[in-house]
Structure formats: C-alpha cells, structure tokens
Protein chains: 2
Amino acid sequence: MSRRSTIAEVAKRAGVSPAAVSRWLNGGITLPTKTADRIREAVRILDYRPNAQARRLSRGRAEAIGIVVPDIANPFFALIAGEAERVAVEAGYDLVIWSSRNRIERELACFERLASGFIDGLMLITNHEDDGRLADQVTRHKGRVVIVDEDVRDAAAPRFFVENFAGGRTATELLIDLGHRRIAHIGGPVGVMSAIERASGWLSAMHDAGIDPPDRFHVFTEYEVEPATKAAEALFEISPRPTAIFAGSDAIALGVMIQARGRGVSIPNDLSLVGFDGLPIIELLGPALTSVAQPIDALGRFAAERLIAMIEGGPFEADTLRLPVRLVQSASVAPPSAKAA
Amino acid sequence: MSRRSTIAEVAKRAGVSPAAVSRWLNGGITLPTKTADRIREAVRILDYRPNAQARRLSRGRAEAIGIVVPDIANPFFALIAGEAERVAVEAGYDLVIWSSRNRIERELACFERLASGFIDGLMLITNHEDDGRLADQVTRHKGRVVIVDEDVRDAAAPRFFVENFAGGRTATELLIDLGHRRIAHIGGPVGVMSAIERASGWLSAMHDAGIDPPDRFHVFTEYEVEPATKAAEALFEISPRPTAIFAGSDAIALGVMIQARGRGVSIPNDLSLVGFDGLPIIELLGPALTSVAQPIDALGRFAAERLIAMIEGGPFEADTLRLPVRLVQSASVAPPSAKAA
DNA sequence: TGACGGTAGTAAACCGTTTTAGTAAAGGCC
DNA sequence: GGCCTTTACTAAAACGGTTTACTACCGTCA
C-alpha cells in the first residue's frame, strides 16, 4: 500500500550513491564488508525492491516471453504452456499468456506487445490458415518468434512440429491391420498444415492397402469438441457406415464419441476410433481412446528453450524440428464386427 | 530487428514536440487536421510503437495482472485462468501466469513481482496449508490481491469460493438415497479449507442418516490423479469394501477409477463414485462421472473483475463470495448391488 | 619522489515515455 | 485598440533504475 521506496532512499540511508547500490545489487562490484552491510541493512529496513519497469527500461530487456494459444483451457495448449512456463522461469523470464480464440486480430495484438518491448519473444500457436498477416509479423520480428504445432506459411522462424504424416499413416495402418476397409477420416480445418498432413497419412495408408475411400469419408471440422460433434453426424449417416474412424485430434475423437453415444453406436463393437494427441485423460474415457500420442511436453520445452536462446543472442535459423509420435493402443479399436463387415 | 523508433523521432518528422505526439496519441488533445495528419504519417512511416516499459514507468502502472496456480496444465486451473485472461484483456490488461507446483517459495516469488510493480494485482490460488507467510504477503499487498478457490487463513483479501459443505452433503445424500450405507470419502490434504468443508458435508449427511463411518473410511490425499490413485488403494482393501466413494475432486475420482479398473472393480455395479468440480471432460469418461459441478468460469470471472476494480480504485473489502454448486448425475452411480449390500 | 596500480566509490548520462505548467498567437467582443 | 478566451502547441520535470567514465585516495616500488 504505502509508497515503494527507491534506490535513492536506500543509497541515502546507506550513505552511498545510487550507483553503488545498483552495482552492488546487480553483482557488478565488490564492496568492503562495512559498506555492503550498510546497504544490505538499508534494503532490509526500507523493504526495497527495484522497480520492474524502470529496470526493464534501463536494461532494454523485458525479461518476459509471451505465448499465444487458441484456447488456454484446452488441455493440449495448457500442457504446452505449462512446459513453457517451467523453462521460462528457470531462465529468469516471466510468461505472459494470451488466448486468441483463433481470431487473427488477437494474435496480431500479441505482436504489438512484442513490438512495444513488453515481451522479448513470442511462442506462436495458431489453429487456422494465415492470410499473410501473421507471416508478415513473424518475419518482421525475426529472431524473436518461434512457431509451434501449426505452420504459418512463409514466415521466417524456427518451427516445432510433430510427424503428422507418419502419425496419420500409423493410425490408419492399425485399423487396416485389424481388418477394417471402410475407414473414414474426420480432421482439422481446410488449409491447415497439420490437418493436411494427417489426412495425407490416412490417404496414403489407404491407397497402399488398395483402398480408395469415397470423398464423403473425409470430413473437415475444427480441432474442438463441439464443432466436431456436429461434423461427425455426416459420417454416421453414410450407409453402409464406416467401421472405423481416424479422428484428427483427441478433441475431434471426443466429438465422435458423443455422437456415437447419442446414436447408440458402441465403440469399439460397432465402430473403431483412433484419435490424435495422446492427452493424459484419454486412457480414462469410456472406452479408453486409442490415439497417436504427441510428445507435448517436449514440444513446449524445445520451443521455449530455443526462443530464449535466440533472444539471448543465439544464432537464428528458420529450421523445422519434427518430433516423433507414438501410437498408444487402447480399448477403442477392435476388428470390425461380422455384421458390419 | 532494426532499432525501434522513438517518440522523439516521430515528433521531429512531424515537426512537433514529443509532448504533442504523446498527448495526441493518448487522446488527451485534439489537433488541427493538418498537424494530426503529419503525426499519423510519421507514426506510420517510422512504424512507431510506444515503448511499453517507458510508458508503464511513466504512468506508474503495469497494466498487467498475474495469476498463480498450482499447475496450469490442470484443466480446473486452466479454465479459471482462461476466464481471467478474457476479463483482463477486455479491461486492457495482460495476464502473466505462474505455475507454483504448490511450492510456497514459488508463490512468494509472485509477490515479489507485485512488489516490484511488474504486475498491478495478483489472483492467488493455492492448494496447501499456509504457514503464515502467504497471509503476510497478501496483507502487505492489501487491495492488490484476491484469493480464489482455496483459503489463505487470516489474509486481508476478497475471497471467491464455492459452497463446499453443501456440495459434500449433496453428493453424499445422493448416495444415501440410492441405498448406500458404506460410503467412504477420499478428499484433499489435511488442513486445506475446501477439503475440510467437503469432508464435513459428507460427515454431516452421514450422521443425519444415522451412519457413523469408521475412521478408515476417510482418506486424505492431494487434489491430483497420481497421489489419489495411490491413496485410493487403502479403500479397496477394506473388507467389506465401501459400496460408494465420494471423491473430493474430479482428479481424485479419476484416481479411484484407475484403481478400480486395475482391480476389476466395476463402476457403478460394484462401486458408486461421485467427484467434485464438474470438469467438462467427465461426461465422456467410462463411465460418465457423477460430480458436484463448480461454476468454474464464474469463479475466474468474478475474481478477475473484482481484482481489476480494486486496482482501479474501487473499494477494498475482505469479503467472501460463496458460489453455489450443482450436482450433475451420470452413470457412475447406482444402487448398491445385492451382493455388496 | 614520482609513477603506477588498485580500491572505493561518484557524477552524470541515458532508457523512452507521460504530464504539468506555461506561452505565443489568433480570434472575438466591446 | 485593448482585453479576454481559446487554440495549438512546447519546455522541462518527472518516473526509477543502470551504466559509463571518471576521480580521489592509498600503498607500493624503482
């Protein structure tokens, strides 16, 4: 409540100049024990804490990084953010977080924070196709941005992705190996890299098995439960119904499960289901969801570490790191029932 | 990349003083169209953005609030944080987030940020008993802190809680009404308010039904899945086993489900289970979890709104808001089986 | 004795805004 | 023409640190 004390007051009380206090506090100087003790005591008595803005202004660094995610309440992003926070704090940075709700205006607002020096760097996670404005901003702030999980085309920044194509293939191959032929795919939005890659993996595995799925076996939706629930309807109305669905994310798989439950379609008896993400919760679903697990922690950790390294003068390179995925098989898949097949 | 331009450069280019630029940009002045146009043009050409630290230093406000939670990857806290972020951004603040991992040192570090002026206010969510240090800090920063979800005893701050006692009673009453008598409770840590209140609700409902549960029917654990899974073991080894468990949080209920699954105990056939929190995911669990739903969004929203109101000069009052809970009944509860009863 | 080097600091510039207090010029009114 | 008000600004002082360049003093050594 009471006015904060300043370095000048501390200096006065300790009988030295502000410069001495500052240099001693920041470890840039050693002083005789007597003097140091006086400063220490003055700091203690006045409960002195350097003003953050003044320090950051003077230093020219914010000692904070930002992360923008489509929705912080989504566990996938929360996990990444949690890991980023851990890395940031360890390196002496604070983490500012923004939920973009997938609106590009809100994402652009985060770049304003970067431009104004409020943060030193930004981890960017989008979930939609860029119209060029994001790429422009990323490039403008070269060396202070990393792109995570989803691409921003033609942007000059390091990228941290997973093996989407391989994941899509692996998921589909599992279903094929179980004996399925009518395997549908419900994936993320048109034009979004991860969605394209996962769908390609699905299609590639299908073709390799000599299967050419009809167009209506490929449904596009958002990476969120509600839209996915709606979008899944179409797949349940195809006759004969697909015997298996590869969902482009766990959230989408949840939508499929809701739809199935509502229609009395039993998983895995009537329908096999595979998701993508490998969220911790899925092993407890009814039934436990088979999913292509991403190394979510590593994604957040590597991206944050790289961002901080760049900020602190490390080399800039617009390379792409592709982390491997891992199929985790659970109760949501089974061979197609005799009836369905 | 290139050096940021300053207000002085803009002023020079526009042929006015820095003061004019600042006052015009901040809306404190109206200028003739000609002059305004020159400034606007200079801002555009130089791509000028006021330096955030300088502005905040000069203004004496950080225009940022902080939130400290035990674990941002936990959906419960992520939901609160998401709502806080929404409120903050609407009010023109940024949100800085810290995961304390329930370590008091990390919580105290957040108060340093408050003391240093890096943030204007703090939303505090703890999950452990305070040794007095937190209360001390909260009181020291009177008017800039709100306490959410879990109490910090003797701290001078507004509080935002839910009706834990009523929730515990309601959950237990449901189980009693279904015919259960051997109802155990596995709740949060000793000494933590929400855990005490929920357990009291359970005990109160039991006593009202003329049941006096043995001590071993009350197990203490953390509000997290892993510890709860371990702690639940004890309940499964009681003979005869409880026919129902009221878990102090959804995370704890998940632990019970894992334990039950591992032992081949069927929910709800062999064991009824009720959680607390009402996380969105629980309706998709196998089986869908009955739970006492908290108004999580409202908790985050009200707390953030109040914090900002206080920061901006609103009145201080160390009152406690108690939000109502709502029982959401799903497949995880049933009457006790004849065998078990 | 005077040059040299180390110790213990300090003065002042600087970081980039906002804001207060004030001024010069123009316009209106009698 | 003189007085008052408004308009259109500006100078300079904060805000609270950090950092660079410099000094005064002391001891040592040739």
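Two residues count as in contact here if their C-beta atoms, placed from the backbone, lie within 7 Å. This is a predicted model, in which local features need pLDDT of at least 70, side-chain atom pairs count only at pLDDT 80 or more, and totals for chains, interfaces and linings use all residues. Residues are numbered from 1 along each chain as its sequence is written, while chains are lettered from A and ligands numbered from 1 in the order in which they are written.

**View 1. α4(A) meets α4(B).** Helices (H or I, at least four residues) and strands (E, at least two) are DSSP runs, numbered from the N terminus. On one side of this contact sit Gln53(A), Ala54(A), Arg56(A) and Leu57(A), and facing them are Gln53(B), Ala54(B), Arg56(B) and Leu57(B). By class that makes 4 nonpolar, 2 polar and 2 charged residues (nonpolar: Ala, Val, Leu, Ile, Met, Phe, Trp, Tyr, Cys and Pro; charged: Asp, Glu, Lys and Arg; polar: the others, Gly among them). The axes of α4(A) and α4(B) are 8 Å apart, and the packing angle is about 145 degrees; axes are lines fitted to C-alpha atoms, for helices over the stretch in contact, and angles run from 0 to 180 degrees between N-to-C directions.

**View 2. α4(B) and what follows.** Ala52(B), Gln53(B), Arg55(B), Arg56(B) and Leu57(B) are the buried residues shown in α4(B) (buried: 20 or more other C-beta atoms within 10 Å of the residue's own; exposed: 12 or fewer; partly exposed: in between; C-beta atoms are placed from the backbone). The buried residues of α4(B) pack against α4 of chain A. After α4(B) comes Gly60(B), with a positive phi near 80 degrees.

**View 3. Chain A against chain B.** The interface pairs 42 residues of chain A with 42 residues of chain B. On the chain A side, α4, α5 (75-90), β2 (94-99), α6 (104-115) and α11 (250-263) each put in at least two residues. The top contributor there is α5(A), with 7 residues. Sorted by class, this side of chain A has 25 nonpolar, 8 polar and 9 charged residues.

**View 4. The surface near DNA strand C.** There are 25 residues around this strand, and Ser17(A), Ile7(B), Ala19(B), Ser22(B) and Ser58(B) come nearest (near: C-beta atom, placed from the backbone, within 6 Å of the molecule or strand). At least two residues each come from α2 (18-25) and α4 (52-59) of chain A, and from α1 (7-14), α2 (18-25) and α4 (52-59) of chain B. The split is 14 nonpolar, 8 polar and 3 charged.

**View 5. The surface near DNA strand D.** Here 24 residues surround the strand, and Ile7(A), Ala19(A), Ser22(A), Ser17(B) and Ala19(B) are the closest. Each chain offers α2 and α4, with at least two residues from each helix. By class, this surface has 13 nonpolar, 8 polar and 3 charged residues.

**View 6. Backbone oddities in chain A.** Ser239(A) and Pro240(A) are joined by a cis peptide bond, omega near -5 degrees, and Pro240(A) sits in the loop between α10 (225-236) and β8 (244-247). Another cis bond links Gly286(A) to Pro287(A), with omega about -5 degrees; Pro287(A) is in the loop between β9 (272-277) and β10 (290-293). Glu63(A), in the loop between α4 and β1 (64-69), has a positive phi near 55 degrees despite not being a glycine. Glu63(A) counts as partly exposed because it has 17 C-beta neighbours inside 10 Å.
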